[in-house]
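Reader: Could you take me through one part of this model up close, the last helix, and show me how the rest of the chain sits around it? Keep it relaxed, but keep the residue names coming.

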Amino acid sequence: GGGGSAWSAANSSPSNRSRRAHEGIPWLCGMAEQLKPEYLELPYCISFSLPSAKCGAVIGRGGETKNEVQRVTGAEVAITKKDPHEAPDAHRTITIMGPLLAVYAAHMLLMRHYNDEEAQFEAAMHRAPPPDDR
């Protein structure tokens, strides 16, 4: 066959992706409501990577951000250890396990912390005086 499905063919165009992105939370809720309720409690696992140098945002001081996300969502969050000999562009893997909605809620909270820290970093870079070239 031709691979893919009618859903993927009809919903994967750039204009559809952009439209869905602007629909935000109602769109996501609508997608979740289409699932059979028993699927929501099955165990799930997602993994993603972030630059190792930026993982402090999702870990927090003494692990407080990671622990708070776990407490609020009920999902388990595991972050690979930093390699002492890693390259400057190294990435670390974050794995989230638990019921479906808990997993995605934890991912959203972690990404909020990551993006908030990135925004603060960018703002600080724009406020900083240029380096002295003397």
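**A close look at helix α6**

Author: Let's start with a length check. Helix α6 runs over residues 100–127, and at 1.5 Å a residue its 28 residues should span 40 Å; the end C-alpha atoms are 41 Å apart, which agrees. Bear in mind that this is a predicted model.

For context, the chain has six helices and three strands, and along the sequence they come in the order α-α-α-β-α-α-β-β-α. So where does α6 go into the protein? Its buried residues are L100, A102, V103, A106, L110, M111 and Y114. Among the things covering them are three helices, α3 (37–40), α4 (56–59) and α5 (64–73), along with the strands β1 (43–51), β2 (76–79) and β3 (91–99).

That cover leads us to the core. In soluble globular proteins, nonpolar side chains tend to be buried together. Here the largest nonpolar core has 17 residues, and those with the most contacts inside it are F48, L50, V58, V77, I94, I96 and L110. Two or more residues each come from β1, β2, β3 and α6, with α6 giving the largest share, six residues.

I96 is a good place to see the packing. Setting aside neighbours within four places in sequence, I96 touches V103, A106, H107 and L110, and its other contacts are Y44, C45, I46, F48, A75, E76 and V77. Of those, V103, A106 and L110 are on the list of buried α6 residues.

Now for the charged side of the story. Side chains of opposite charge can pair when their charged atoms come close. The structure holds three salt bridges, and α6 takes part in one of them: E118 pairs with K54, with the closest N and O atoms 2.8 Å apart. This pair links distant parts of the chain, as E118 is in helix α6 while K54 is in the loop between β1 and α4, 64 residues away. Neither end is hidden away completely: E118 is partly exposed at 21% relative accessible area, and K54 is partly exposed at 23%.

While we're in that loop, have a look at S52, which is also found between β1 and α4. S52 is buried, with a relative accessible area of just 4%. Beyond its neighbours within four places in sequence, S52 is in contact with K82, E86, A90, H91 and R92. Two of these contacts bring us to another salt bridge, K82 with E86, where the closest N and O atoms are 3.6 Å apart. E86 counts as partly exposed, at 22% relative accessibility.

The remaining bridge belongs to α5, one of the elements covering α6. There, E68 and R71 meet at 2.8 Å, N to O, and the two lie three residues apart, about one turn of the helix. E68 counts as partly exposed at 38% relative accessibility, whereas R71 counts as exposed at 60%.

Finally, the surface. M108 joins W27 and L28 in a nonpolar patch with about 280 Å² of accessible area together. L28 lies in helix α2 (residues 14–33) and is partly exposed, with a relative accessible area of 39%.

Stepping back to the whole chain, 25% of its 134 residues count as buried, and its accessible surface comes to about 9,600 Å², of which 59% belongs to carbon and sulfur atoms. Among contacts with a separation of 6 or more, 66% join residues 24 or more positions apart.

Key: Residues numbered from 1 in each chain as written. Predicted model: local features only at pLDDT ≥ 70, side-chain atom pairs only at ≥ 80, totals over all residues. Heavy atoms only, no water. Helix = DSSP H or I, 4+ residues; strand = E, 2+ residues; numbered from the N terminus. Expected span 1.5 Å × (residues − 1). Buried < 20%, exposed > 50% of the residue type's maximum accessible area, 1.4 Å probe, protein only. Contact = heavy atoms within 4.5 Å. Patch = residues over 30% accessible without salt bridge, like charges linked within 9 Å, V, L, I, M, F, W, Y side chains within 5 Å. Areas by Shrake-Rupley, 256 points an atom, 1.4 Å probe, with all protein chains shown as cover. Salt bridge = Lys/Arg side-chain N within 4 Å of Asp/Glu carboxyl O. Core = buried A, V, L, I, M, F, W, Y, C linked by side-chain atoms within 4.5 Å.
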